[in-house]
Structure formats: structure tokens, C-alpha cells
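User: Hi! Could you take me through one chain of this model in some detail, with the cut-offs behind each term?

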Amino acid sequence: MALLDFFKQKRNTGSASLAKERLQILVAHDRAGPGPSYLPQLQRDLLQVIRKYVAVDPDAISVQVEHEGNQEILELNIVLPEA
Amino acid sequence: MARIIVVTSGKGGVGKTTTSAAFAMGLAERGHRTVVIDFDVGLRNLDLVMGCERRVVFDFVNVIQGEARLGQALIKDKRNPKLFILAASQTRDKDALSVEGVGKVLEELAQDFDYIVCDSPAGIEKGATLAMYFADDAIVVTNPEVSSVRDSDRMIGILSSKSRRAEQNLEPINERLLVTRYSPERVARGEMLSLEDVREILALDLLGVIPESGSVLNASNSGVPVILDQESNAGQAYSDMVDRYLGGELPHRFITPEKKGLLGRLFGG
């Protein structure tokens, strides 16, 4: 069996690299925290304004704060319905 | 002046109590007056791992609530006269602990001891936050596994923001990483996060690496801190870790696969 394992290993890259990749993303996200407390209200207000002009779904809008170095980026994503 | 060390991790079952017992015994063996405190109120286990479970009369909560004097609750280790254990209560819940109460007991202990080792419960609730609140040093115990690493990272954030040192703008807690249950063979096969991976993600100085070892279970079965089993790799790795904590510069051991002969490689083992 050990002899077989020896050959199998060559092709098997293992799951550790995947674990590391997932952790790096997750830990960065955890460290950023939940974002400012006004985000949910901002999301509701924006939705109301946009709905005056376009009929979008309530879940078609997402507001996120991203950190890059010492900059904070407010990311706003609205999916418009197909015309 | 006593030094207060918290052994913490966030996740349960990674080896906090094993480490607390081994570390405290190691300090005592090197001549330092040491007390190890179980902060896991309601689920105490340190006494069991230390082998003094039948000698617990009064506990930490009794002392905090004024039902017993500290001298009555401290259990003297039978193997080492410099080592004392303060057990947690098994019947109360974690709300029996308070910042003031814990602070007072630690202050009293600091008169008599060189080192106070706080064995934190898992989680981030009251017992865990109080175990680390007064700490000068932290040992973050982590298994090379995704959930443990993530929880450790969370704990590191709490250590640097919610401790006495953070609140009073003092020098931050000296946090160091202890990787436990490490299997160099599995790392070599790409199945387990490597030391470098864990260090890179958590960005902490490495205090020690304890290899996966059957002797840890043997030691807890018999109520003997594994550091006393100097035949075992884990016992030796804990000794190194204690020496490193006390300022010694030792290379990390047991971090590469043990070499097998050609026959061993062909036929397993």
C-alpha cells in the first residue's frame, strides 16, 4: 500500500493550499468587521430613491465597505432589471 | 511582581488545558513559584489533567465570593512544591466571575508567586475574556486546521482591544503562537497547513510547536502533565517552549518528517 501511496502522492497536491487560500480571505474579512452601523439604513434609503425611477428588487442592491491600505471604499452594487 | 500569562485559543479542544498544565509544571521545575488557574467555570478540567481532582475542596469562585480564603483553595502539587492549582467551580456558571473579583484574587496571588498561568475556557464569553483581561503575556494555542486558525485570529483581535493593557493604553499583551498537534508528515504530503502558513496568516512570533503525539492522551489519562514525560516528543517540545518563554533561544524541533528507511517507505509503518 505504501508503494501505491508513493505514486499517488505525485498527482495529489493536497488540500492544505486550499485551506490557506480560504483562510486568508476569511481572516481579512473577519478583521474588517461588520462595517459602519449606518450601512443597513443607507441601503434602505438608497433603495427607496432608486425605486422612484426603476423597479428594482429589494435584494438587488448591496452596500459594502472594503479596506485597502488606509483607504475605505464604499462599494455599491445595484442590479437593474432586464429591459 | 508576578507575570500573568493567559493560555487561550477561541476554539475548544486544541490543547489549552494540556498546555496550561505542561507550561505551569515547566515553570515550577525551573524553580519559579507558579500558580495555574482554571477559568472554565462549570466545566472544570485542569484539576483532572493535573491529577489533583480528588483534592479540590474550595475553588476560584469560593474565593471570589468570600466563602474561602485563597490559602484554603490553593492545591499544592504533589510532585513539585513550587506549583499550585486553583480549580474552577463545577456547579456555578460563568457569571460568578467578575472583573473586580478576578482582579482581587490575582493581586493577592501576585504577592506570593512569580508566574500566574490562566487557563482560558473556549469561546469568547465572560470566562474567556476575564482569563485574558489582566494578562501580561498570551499563549495562543492553534491547531494547523482552518477553524482553529480562524478562531485564533479572532482571539488575537480581542487580546489587543479588550484587555486591561489595551484599555489603559499600556504596552500591549505580548502574544505568542503555540502550534499543537502538528504532523510534519501530513504537512509534507500537502494535507495540513504548514507552520509557515499559520504564522503568515496570524502574524505572531512562534513560541513552540508540539507534535501530534499519543503521549498527550496517555498523560491526561494518568493525570500527569505531559512535560513530565521527557521520553516523548511532545514532552520535549513543551520543555523547549518553556525555555523559550524564559528567554532561551532554541531551534524548533519535530517540525520535519521523521526519516524512514527504504523498507519503511516501501511497506509503510
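Analyst: Happy to; here is a walk through parts of chain B, with a short look at chain A to finish.

This is a predicted model, in which local features need pLDDT of at least 70, side-chain atom pairs count only at pLDDT 80 or more, and totals for chains, interfaces and linings use all residues. Residues are numbered from 1 along each chain as its sequence is written, chains are lettered from A and ligands numbered from 1 in the order in which they are written, and side-chain values use heavy atoms, leaving out hydrogens and water.

Let's begin with helix α12 of chain B, residues 233–245. Helices (H or I, at least four residues) and strands (E, at least two) are DSSP runs, numbered from the N terminus. The 13 residues of α12(B) reach 18 Å from the first C-alpha to the last, close to the 18 Å expected at 1.5 Å a residue; that expected span is 1.5 Å times one less than the number of residues. Eleven of the 13 residues are buried, so α12(B) is largely enclosed by the rest of the structure. Here buried means under 20% relative accessible area, exposed means over 50%, and partly exposed lies in between (1.4 Å probe, protein chains only). Among the buried residues of α12(B) are B:Tyr238, B:Asp240, B:Met241 and B:Arg244. Just after this helix, B:Gly247 has a positive phi of about 105°.

Next comes a helix pair. Two packed helices are described by the angle between their axes and the distance between the axes. For α7 (residues 146–161) and α10 (residues 195–202) of chain B, the angle is about 35° and the axes are 10 Å apart. Axes are lines fitted to C-alpha atoms, for helices over the stretch in contact, and angles run from 0 to 180 degrees between N-to-C directions. The crossing of α7(B) and α10(B) is right-handed, a term used if the near helix is turned clockwise from the far one by less than a right angle. From α7(B), B:Val149, B:Ser152, B:Asp153 and B:Ile156 meet B:Val198, B:Ile201 and B:Leu202 of α10(B), where contact means heavy atoms within 4.5 Å. The residues of this contact divide into five nonpolar, one polar and one charged. For those classes, Ala, Val, Leu, Ile, Met, Phe, Trp, Tyr, Cys and Pro count as nonpolar, Asp, Glu, Lys and Arg as charged, and the others, Gly among them, as polar.

Now for the strands. Strand β8 (residues 205–211) of chain B is mostly covered, with six of its seven residues buried. Strand β7 (residues 174–182) runs parallel to β8(B), and five bridges join them; strands pair if DSSP finds at least two bridges between them. In one of these bridges, B:Arg176 is the partner of B:Asp205.

Three single residues are also worth a look. B:Gly127, in helix α6 (residues 126–133), counts as buried because its relative accessibility is 5%. Leaving out residues up to four places away in sequence, B:Gly127 touches B:Phe39, B:Lys94, B:Leu97 and B:Pro121. B:Asp47, in helix α2 (residues 46–50), is buried at a relative accessible area of 4%. B:Ala96, in the loop between β4 (83–86) and α5 (99–112), is buried at 13%. With the sequence neighbours up to four places away set aside, B:Ala96 touches B:Val61, B:Ile64 and B:Gln65.

Finally, chain A has three helices and two strands, in the order α-α-α-β-β from the N terminus. Buried residues make up 18% of its 83 residues.
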